Amino acid sequence: VGIILCRMLAVNAFSQDAEFSQFFNAPLHLNPAFAGVGEGPRFCLNYRNQWAALDNAYISYTASYDQNFEAINGGIGVLMMSDRQAGGLLSTTGISGIYSYQLNLSPKFGLKAGAQFSYVQKRIDAAQLVFAENINPDNGSIIGGISADVPDNTSKGIADIGGGVLIYTKSFYAGLSAKHVTSPNESFYSSQISPWPVRVAANIGIEFRSRKNARTAAYFSPNLLFVQQASFRQLNAGAILGVGVVYAGLYFRSAFENSDAVIIMAGLKRGVFKFGYSYDATVSSLESTGGTHELSLVLNFHDSKKVQFRRNTKRFTDCPEVF
């Protein structure tokens, strides 16, 4: 592992951002323009264990807060993230401050533009690195000592900028976002430059609602998510069906070059509370990795009765139920 990792760090290889199957429950990670899309405060927690059979190979967390403020005609958001690879051999943590400007074109149509400013810390746990020179060729035992191949720095601080736009009505949404727009240098080697490639994400969806009975109110939301980062491309296509307090979804994810996974999800949504679980059943050559588990918890006070009453007295564009 150490040999492979350090060879990657020594050249212009790139890291890929963590992606969440329940992207609608991680809105600020998807697009900073989602900050303040609802009037009340919203808190989101996300956990992803990718390829569970590989002993914590990829573990990702995010925590976020966002809220609309009339005084600044927009939303404020804070996003914290942590991504651990190979049991902490390589870890990334970051915090982002977000502002989104709200333009209510009409009571039924909204337009938002968001800006994201982040500080990210990347670390290598050098104690876990094992190189060819640390392996005894006679019996395969580990020989102690620090290799000359260890990077100059085992930690790297990075300032980052991103942005996005979002248009939405009560039944339609479309967004476009970009992260790492300045392609900051993420190399651990002082003498080398390894630009962090721009991540572009686009999502679009439509929502159909039935409100005849509040207890059995239903919505159906087919949607698409496209992500590209350097040569990596991903397309998620599927739909969510919600009836009463229960919702479920089925998606298919493709990496274009190959089919990747079937995503099955289910959750509960009642009042301000929303909980979701999803499982990515891998269908590619990596199917022996054990699939991927993901959990999300959202507290959205935009859905409280008090906020709903206040919203109905204003020219405030409501957002789709899925968010």
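This is a walk through the strands, salt bridges, aromatic rings and nonpolar surface of the structure above. Please keep in mind that the model is predicted.

Let us begin with three strands that follow one another in the chain. Strand β3 covers residues 74–85 and strand β4 residues 90–106, and the two pair in the antiparallel sense over twelve bridges. If you would like a spot to anchor your view, find glycine 77, which stands opposite isoleucine 98 in β4. The hairpin of β3 and β4 has four residues between the strands, and here alanine 86 takes a positive phi near 55 degrees. On we go to strand β5, residues 109–124, which pairs with β4 over 16 bridges, again in the antiparallel sense. A hairpin of two residues makes the join from β4 to β5. In this pairing, threonine 93 has glutamine 121 of β5 opposite.

Stay with β5 for a moment, as lysine 122 is a good place to meet the charged side chains. Which residue does lysine 122 meet in a salt bridge? The partner is glutamate 186, at 3.6 Å from N to O. Glutamate 186 belongs to the loop between β7 (172–179) and β8 (199–206), while lysine 122 is in strand β5, so this contact links distant parts of the chain, 64 residues apart. Because the cut-off for buried is under 20% relative accessible area, glutamate 186 at 7% counts as buried, and so does lysine 122 at 6%. Lysine 122 also has an aromatic contact: its charged end sits over the ring of tryptophan 196, 4.5 Å from the ring centre. A similar arrangement can be found at arginine 233, whose charged end sits over the ring of phenylalanine 256 at 4.3 Å from its centre.

Side chains of opposite charge can pair when their charged atoms come close. The structure holds nine salt bridges, and strand β1 is a handy place to look at two of them. Arginine 42 and aspartate 66 meet through their side chains at 2.9 Å, N to O. Arginine 42 is in strand β1 and aspartate 66 in strand β2, with their positions 24 residues apart in the chain. Are these two buried or exposed? Arginine 42 is buried, with a relative accessible area of 3%, and aspartate 66 is buried at 1%.

Further along β1, arginine 48 forms a salt bridge with aspartate 280, and the closest N and O atoms are 3.1 Å apart. This pair links strand β1 to strand β14, 232 residues apart. Arginine 48 is buried at 5% relative accessible area, and aspartate 280 is buried at 0%. Both belong to a network of salt bridges with shared partners, which joins Arg48, Arg253, Asp260, Asp280 and Glu294.

Now for the aromatic rings. A pair of aromatic rings is described by the distance of the centres and the angle of the planes. The count comes to seven aromatic pairs. In one of them, the rings of phenylalanine 23 and phenylalanine 24 have centres 5.7 Å apart and planes at 80 degrees, so the pair is edge-to-face. Both phenylalanine 23 and phenylalanine 24 are buried. Ring pairs also bring in Tyr251, giving a cluster of Phe23, Phe24 and Tyr251.

Another pair brings us back to β1 and β2. Phenylalanine 43 and tyrosine 65 have ring centres 5.4 Å apart and planes at 35 degrees, so this pair is tilted. Phenylalanine 43 lies in strand β1 (residues 42–50) and tyrosine 65 in strand β2 (residues 58–69), so the pair ties together parts that are 22 residues apart in sequence. Phenylalanine 43 is partly exposed at 38% relative accessible area, and tyrosine 65 is partly exposed at 23%.

Phenylalanine 43 also leads us to the surface. Which residues make the nonpolar surface patch of about 780 Å²? They are Phe43, Val245, Val246, Leu268, Phe273, Phe275, Tyr277, Leu295, Leu299 and Phe301. Two elements, β14 (273–282) and β15 (292–300), give two or more residues each. The largest share, three residues, comes from β14. Tyrosine 277 is found in strand β14 and counts as partly exposed at 32% relative accessibility.

Key
Residues are numbered from 1 along each chain as its sequence is written. This is a predicted model: local features need pLDDT of at least 70, side-chain atom pairs count only at pLDDT 80 or more; totals for chains, interfaces and linings use all residues. Side-chain values use heavy atoms; hydrogens and water are left out. Patches are made of residues with over 30% relative accessible area and no salt bridge: like charges are joined within 9 Å, nonpolar side chains (Val, Leu, Ile, Met, Phe, Trp, Tyr) within 5 Å. Accessible areas come from the Shrake-Rupley method with a 1.4 Å probe; for residues, only the protein chains shown count as cover. A salt bridge is a side-chain nitrogen of Lys or Arg within 4 Å of a carboxyl oxygen of Asp or Glu. Buried means under 20% relative accessible area, exposed over 50%, partly exposed in between (1.4 Å probe, protein chains only). Rings of Phe, Tyr and Trp (its six-membered ring) pair if their centres lie within 6.5 Å; planes under 30 degrees apart count as stacked, over 60 as edge-to-face and the rest as tilted. A charge sits over a ring if NZ of Lys or CZ of Arg is within 6 Å of the ring centre and within 35 degrees of the ring normal. Two strands pair if DSSP finds at least two bridges between them.
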